[in-house]
There are 2 protein chains.
Amino acid sequence: MIDLTKNLAAVNRRAKSSVIRELLKLTNKPEIISFAGGLPDPAAFPREAVMEICAKVLRENAREALQYGETEGCPSLKAELVRNLREDEGLVVRPENILITTASQQSLDLAAKLFIDASDPIIVELPSYAGALQVFKSYGGLMVGVKSDDDGMRMDDLEVKLEKLKKEGEHYKFIYIIPDFQNPSGITLSQERREQMVRLSREYDVIILEDSPYRKIRFEGRSPDMLYKLDTSGNVISLFTFSKTFAPGFRLGYIVGNEAIIKRMAILKQSMDLCSSPFAQLVAAEFLRGGYYQEHVKKVVRIYKAKKDHMLAALARHMPEGVTWTKPEGGLFLWLRLPETMDGDDLFSEALKENVAYVVGSAFHCDGAGRNTMRLNFSYSTPEKIDEGIKRLATVFKKNWKK
Amino acid sequence: MIDLTKNLAAVNRRAKSSVIRELLKLTNKPEIISFAGGLPDPAAFPREAVMEICAKVLRENAREALQYGETEGCPSLKAELVRNLREDEGLVVRPENILITTASQQSLDLAAKLFIDASDPIIVELPSYAGALQVFKSYGGLMVGVKSDDDGMRMDDLEVKLEKLKKEGEHYKFIYIIPDFQNPSGITLSQERREQMVRLSREYDVIILEDSPYRKIRFEGRSPDMLYKLDTSGNVISLFTFSKTFAPGFRLGYIVGNEAIIKRMAILKQSMDLCSSPFAQLVAAEFLRGGYYQEHVKKVVRIYKAKKDHMLAALARHMPEGVTWTKPEGGLFLWLRLPETMDGDDLFSEALKENVAYVVGSAFHCDGAGRNTMRLNFSYSTPEKIDEGIKRLATVFKKNWKK
C-alpha cells in the first residue's frame, strides 16, 4: 500500500479528527444522556410541509430541480431571501449580494479558503465555535483570541489586539464572531458593542465574518441589529443557514456580502462543488414563499424555549454552589462554569461513567484555556432526559469537588 | 470598502473564473445551439420515481432524512453501494472503503486538498477535464501532461514522465485519469493499458485517481475492468457520481478507496460541509434498492446512444474533408479535430455569430496545446438541434478554412 506520509499535503500530516467528533463517538451509546451534540429536535422537523413542497416542486419544476444549477444559487431562492432579509432584518441586499452554499460549514470553508494564507492571524472569540476554528486551522490560520463577558466579545480587548498587530505592520484577515446566542456560550453581543465593532472594523480596515445560525431562534427580548446592517463600508460578510430554521438534512445556507467578495467566493465554490442542490434550493424557496417558514420558526422557538427553561430549572435544583451558567435568550446552547480549581476535561470520563455527556470548554478555546467550562445543548433531549441528565452531572461534580 | 488585494489568500489573487464558465455565459442566449455544456437531457430525468421515493422516505424515515448525518455517509446508502459495486463491477469493498460526497466536484476537491502542496507535480491526460485541472491548480498543483491516442493515455509516455521525476528524486502526488468515455475526448482506455497502468502505479508507488462519472453510460462494446479492480496494492482511488445515472440536482457522489485514505478524507470533508444531504442519500439508496436505477440507466443509454448516432451522422453529412472526430462507445461527449492550421479558440466568436457553441480544446490542455480541437456535447440538445447545430458549425469551418 501507498506510503501516505509521503503523499499527504503538509497541513494534513498533522491534521487530526476534531475533539468534538471524537467525543461524540463516545456518547453514542443509548444509555448516555448527551448534552454534547448540537442537533435540532427531530420532533420539530416540518415533515408534512416538506412532503407537500417536494411533491409541488417535482410536479411543477422537475427540470430545474433535478438539473445542475448556477453556482451562485437558484434565482427563485435568492429572490425570496432578498425579500426575507428586508422584512426580517431591514437589510437592503440584491441577488448579487447572495451566494447559496451547501450549509454554514461550507460558508466557513469558503471564507477560509478565500482569505487565509498559512500563518495569517485571525481574530476569534474566547470561546468560539470549534468547527470554525478547525476550518481556519486547516488553511494554516493562527487564532488570536479576544476575551468576552456577559455582553459578548470585549471591544476594549479587540482594540488592543488590532492595535498591536497594526504597530507590527501586519494585518488580520478577518474577525470571526457569532453575535447571537453564541456557540458555545449562548451569549448575545450587545447593541452598543455591535456599533463599536463596526467602527473598529472601518478604522482598522478589517473584515468581519458574522456567523448567524441561531439568530431567528429568539425566546425573549429584542434583537440587536445585525452587524451587516450597521456596516456601511462593505466590510461585513454574514453567514446564514437553513439548518436551524428549516432542517439540516437539506444542507443549505447562504452568504451575504459585498458583490466583489461574493463573486470571488462563487469562483471558489465552483471548484468545490459546482453548485448546491437545486432540488433543496427550490424546496427552501417554496418553504419561504408559502409562509411555512414563519410558522415553523414560531414552533421551534416555542419548543426550544420550554427546553431551555427546563434545563435552567434543573440546574438551579441540582447544581452545587460555585457552579454558574449563562441564561441564553435564544439558540441551542448554554455554558456552564465550574470553580477554577476544577477540570472539565478530566471530569468528562467521570461523566461518561454516570452516563451523561457534554463538550469540554477547552475545545472552544484557541488558547487552550477554559478547562473549568463546558457546553450544554438543550435543543435535542426530551424534558425528562434533561432533568435526569443534569442530576447526573451534578452528582459527578459533587463526587469530584475540589475547593 | 475593504481592499481585497490585501485580504485575499495569495492563490486567489491570481484565480480567475474558469474558461468554460465564462464561455458558457456567452452561450446562454436561446437562439444559440450549444454543444458546450455537459448537461444531462432533462427529458430523461426520473421524475415519477423521484416523486414516489421522496414521499416514501419522508413517510418512513423523516427523522434521519431531515437531520444531520454521519460525515462518512448514511449506512443504508453505503450498504446499497457495496452490493451495487459487487454486482456491477465485481469490486469487493466494505462500507469503510466508501465516502459519500456532495458529487464528483467535491470528490476532486477532497483529493486535491488531501494530497496537493503548492508546486506539487500532478499527472493528467492531454486533454483532461477542465474542472479537475482548475481544482488542482487552486491548491497550487503543477500539471504534467501525458500524451493520449485512440486507446487513451499512452503508457510509454506515462513511464517516461514517471522515470524522469524519479531520477530527479521527486514524487508525483497522483495520476488523474478518466478511463471511460473520457471528458473531453470520449475515448476509453484499453484493457491492456489499464493493466500496464496499475503495474506502473505499483512500480513507481504513485496513487491513481480514477474518475468514473460516465462508465455506466455505455452504448456498445464491453467494459474493460475498472482500475480499482485491477489494483491489489491500495493505490487506486475511484470517484463515482449520481449526476449522470440519476440526477445532478441532488449533488451526490462517492469515493471508493483504501480505508486509511477514506478516513483522512472524511476528516477533511467534516470541515468542508459536515456531511452530504441525508435526504438526498436516502432517496438515492431507495433508487438503488427499489431497482429504479437499472431501469433508468437503460433509458439514459438508449436516449444518449440515439443522440450520439445522430451527431455522428450529421458530422459525416456536413463536415468538410480534413475534419475528424472520435466515435465514443458511451458518455456525453465527442472530440473534434481541425487541421493543425486552424484555431478553435479564434473560431469560437465566429461560431457564436452563427449561433452555435462548443468548448475550445485548449481549455482541456494543461500545456496550452489543442487549439485545433474542440469538445462537443451530444446528450443535451434535441436531434433537430443537433443536426442544425452541426450544419452551422460546418459553415463556420468552411468560411474560415485555412490550408
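How many of the residues of strand E8 (residues 207-211) of chain B are buried? In this predicted model, five of the five are buried, and the strand is mostly covered. The side chains divide between two directions. B:Ile207, B:Leu209 and B:Asp211 point one way from E8(B). B:Ile208 and B:Glu210 point the other way. Residues of both sets are buried, the acidic B:Asp211 and B:Glu210 included.

E8(B) pairs with two strands of chain B, E7 and E9. Strand E7 (residues 174-177) is joined to E8(B) by four bridges, and the two run parallel. In this pairing, B:Phe174 stands opposite B:Ile207. The connection from E7(B) to E8(B) passes through helix H9 (residues 191-203) of chain B. This β-α-β crossover is right-handed. Strand E9 (residues 236-241) of chain B is also parallel to E8(B), again with four bridges. Here B:Asp211 stands opposite B:Leu239 of E9(B).

B:Phe174 also appears in the account of the nonpolar core. The largest such core has 244 residues. Its members that touch the most other members are A:Phe174, A:Val283, A:Ala284, B:Phe174, B:Val283 and B:Ala284. For A:Val283, the contacts beyond four places in sequence are A:Val50, A:Ile53, A:Cys54, A:Val57 and A:Phe250.

In chain A, A:Lys244 lies in the loop between strand E9 (236-241) and strand E10 (253-256). A:Lys244 counts as buried because 23 C-beta neighbours fall inside 10 Å, and the cut-off is 20 or more. Away from its neighbours within four places in sequence, A:Lys244 is in contact with A:Pro40, A:Pro213, A:Tyr214 and A:Ile217. The C-alpha atom of A:Lys244 is separated by 9.5 Å from that of A:Arg215, a residue 29 places away along the chain.

The contact between the chains takes 68 residues from chain A and 68 residues from chain B. On the side of chain A that touches chain B, seven helices are listed as each supplying at least two residues. They are H1 (4-7), H2 (10-13), H4 (47-65), H6 (104-115), H7 (130-138), H11 (259-273) and H12 (278-289) of chain A. H4(A) gives the largest share, nine residues. By residue class, this side of chain A divides into 35 nonpolar, 20 polar and 13 charged residues.

Conventions: Residues numbered from 1 in each chain as written. Chains lettered and ligands numbered in written order. Predicted model: local features only at pLDDT ≥ 70, side-chain atom pairs only at ≥ 80, totals over all residues. Buried ≥ 20, exposed ≤ 12 C-beta atoms within 10 Å, placed from the backbone. Contact = placed C-beta atoms within 7 Å. Pairing = 2+ DSSP bridges. Right-handed = clockwise from strand over helix to strand, strands pointing away. Core = buried A, V, L, I, M, F, W, Y, C linked by C-beta atoms within 7 Å. Nonpolar A, V, L, I, M, F, W, Y, C, P; charged D, E, K, R; others polar.
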